[in-house]
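Biologist: I am new to this structure and would like a close look at a single part of it, namely the aromatic cluster and the contacts around it. Could you take me through that part slowly?

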Amino acid sequence: MTNKDLDKELETLNKITNMQKNLLGSVYDDFFKAASEVNADSIDGSVFDKEFELNAPEKEKEKTPEKIEQEKAIGDAADSLGDAIKNANSALDEAKNLLKSDPEIAGIKPRQEEEPKEQEPEEDPMETLDKLIGLDKIKDDVKELTAFVKVQKARQDQGLKSVPVSLHLVFTGNPGTGKTTVARIIAKIYKQIGVLSKGQLVEVDRSGLVAGYVGQTAIKTQEQIKKAKGGVLFIDEAYALSQKDDAFGQEAIDTILKAMEDNRDDFVVIVAGYTEPMKKFIESNPGLKSRFNKYIDFSDYSIDELEQIFYMNCDKYDYKVDEDVKHQIRALISAKKMENIENFANAREIRNLFEEIITNQARRISGMENPTGDDMMTILREDLEDLSVISKDKGEQTGEAVQDKMEADAEIEAEETTDSSDSI
């Protein structure tokens, strides 16, 4: 406990004691007031005349036994009140001495200064990039860009001429291909090599930039820019800002372009969205076209990579797939991709599939008595039933094909079991 805390405790005790004194004093006054009124009523009006005042000692001889008993009670009460106040003061002094000598003896533990928690060192952003599943072309593009920017900054630090390079980027591709994840890594890389001071990522879309009234969009956009200074402003589906006769979206674009010009040394913008709409968006505005000249295209994941993503989720949340079910998982992933071949959501679709399967598994486990840890971890064949990839009208034919394959596999498995039994 610090001196400041000790003083606060003593101040509190003083307040309590003062309250006690005031309370006792009030009771004392009320008691004597009541007693005075009784005495006044018990004697006639001449008690207040001059003769009574001059001959008070003689009058005392005329007191009745009741009056004497009453005055004695009043005296005893006064002594009792005085003792209470004295005891309160004594208790306060004792508490003060106790707190000063050792606060812990008084049952008050000294406030422990919180030790700062040791933060684990952040992983090198390049290592984080390398650990991502797939994205080989993206990794090469990011490393190539980083090397170029790093060397140009080093030349500038040495007083040499450096080639102007735009740090702003255009990410194109379908959803779920890792655009936001890579943008976050690039922000950290830019900070690591010294081109950004903070390296944070601020993610927005049209709704985060455009307001509903004229003149407010610029203010709303500037607020997001302020948050992103020293880091990266990531605008998803940026083409939504450039619509026909859209003064609000154009106001946001103009505000962003001005900020890019005014803060070129410590502010980066990455715009992202579907490939064709993004190209039209950039080419629609000369200001955008002059500032965004580096494109990174995010291709869809392959079936193998999607399967890796599924099992990565299993490992992350302590699930495992029964060996006899793994080929069916792959078939489901293939069917899910065939449903939306043009606008497939990639990793997001796999995440949704994973969540559907473990929901089915939870429903099955909830009906078991005393399930084991292994039961709660294992995904079985019945957990793949009634999935949206099979039940959707759009994917009805694909779903039927997957179901047929699952049933055929079950028949083959049964035949193999029978053959094994016969051979034995």
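Modeller: What follows starts from the aromatic cluster and then moves outward along the elements that carry its members. Please keep in mind throughout that this is a predicted model, and that the distances and accessibilities below are computed from it.

A search of the whole structure finds 5 aromatic pairs. In the part you ask about, ring pairs join Phe310, Tyr311, Tyr317, Tyr319 and Phe354 into a cluster. Within this cluster, the rings of Phe310 and Tyr311 have their centres 5.4 Å apart, and because their planes stand at 90°, the pair counts as edge-to-face. Phe310 and Tyr311 are both buried. Another pair of the cluster is made by Tyr319 and Phe354, whose ring centres are 5.9 Å apart and whose planes meet at 85°, so this pair is edge-to-face. Here the contact links distant parts of the chain, since Tyr319 sits in the loop between helix 12 (303-316) and strand 6 (320-321), whereas Phe354 belongs to helix 14 (residues 347-366), 35 residues apart. As for how well these two rings are covered, Tyr319 has a relative accessibility of 19% and therefore counts as buried, the cut-off being under 20%, while Phe354, at 1%, counts as buried. One charged side chain also takes part in this picture, for Lys326 lies over the face of Tyr311, at 5.8 Å from the ring centre.

Strand 6 and helix 14, which have just been named, also carry salt bridges, and a search of the whole structure finds 15 salt bridges. In one of them Asp374 is joined to Lys320, with the closest N and O atoms 2.4 Å apart. This pair, too, links distant parts of the chain, as Asp374 is in helix 15 (residues 373-377) and Lys320 in strand 6, 54 residues apart. Both partners have some access to the surroundings: Asp374 counts as partly exposed at 41% relative accessibility, and Lys320 is partly exposed with a relative accessible area of 36%.

Helix 14, the element that holds Phe354, contributes Arg364 to a further salt bridge, whose other partner is Asp383 and whose closest N and O atoms are 2.8 Å apart. Asp383 is in the loop between strand 7 (378-379) and helix 16 (388-391), and the two residues, 19 apart in the chain, again link distant parts of the chain. In contrast to the partly exposed Asp374, Asp383 has a relative accessibility of 0% and so counts as buried.

For comparison, a salt bridge from another part of the chain may help: Lys143 and Asp130 have their closest N and O atoms 2.7 Å apart. Lys143 lies in helix 6 and Asp130 in helix 5 (residues 125-131), so this pair ties together parts that are 13 residues apart in sequence. Lys143 counts as partly exposed at 34% relative accessibility, and Asp130 counts as partly exposed at 40%. Salt bridges can also join into a network, as they do for Glu261, Arg264 and Arg291.

To return to your request, the part you asked about is a cluster of Phe310, Tyr311, Tyr317, Tyr319 and Phe354 linked by ring pairs, with Lys326 over the face of Tyr311.

Conventions: Residues numbered from 1 in each chain as written. Predicted model: local features only at pLDDT ≥ 70, side-chain atom pairs only at ≥ 80, totals over all residues. Heavy atoms only, no water. Phe/Tyr/Trp six-rings, centres within 6.5 Å; stacked < 30°, edge-to-face > 60°. Buried < 20%, exposed > 50% of the residue type's maximum accessible area, 1.4 Å probe, protein only. Helix = DSSP H or I, 4+ residues; strand = E, 2+ residues; numbered from the N terminus. Lys NZ or Arg CZ within 6 Å of the ring centre and 35° of its normal. Salt bridge = Lys/Arg side-chain N within 4 Å of Asp/Glu carboxyl O.
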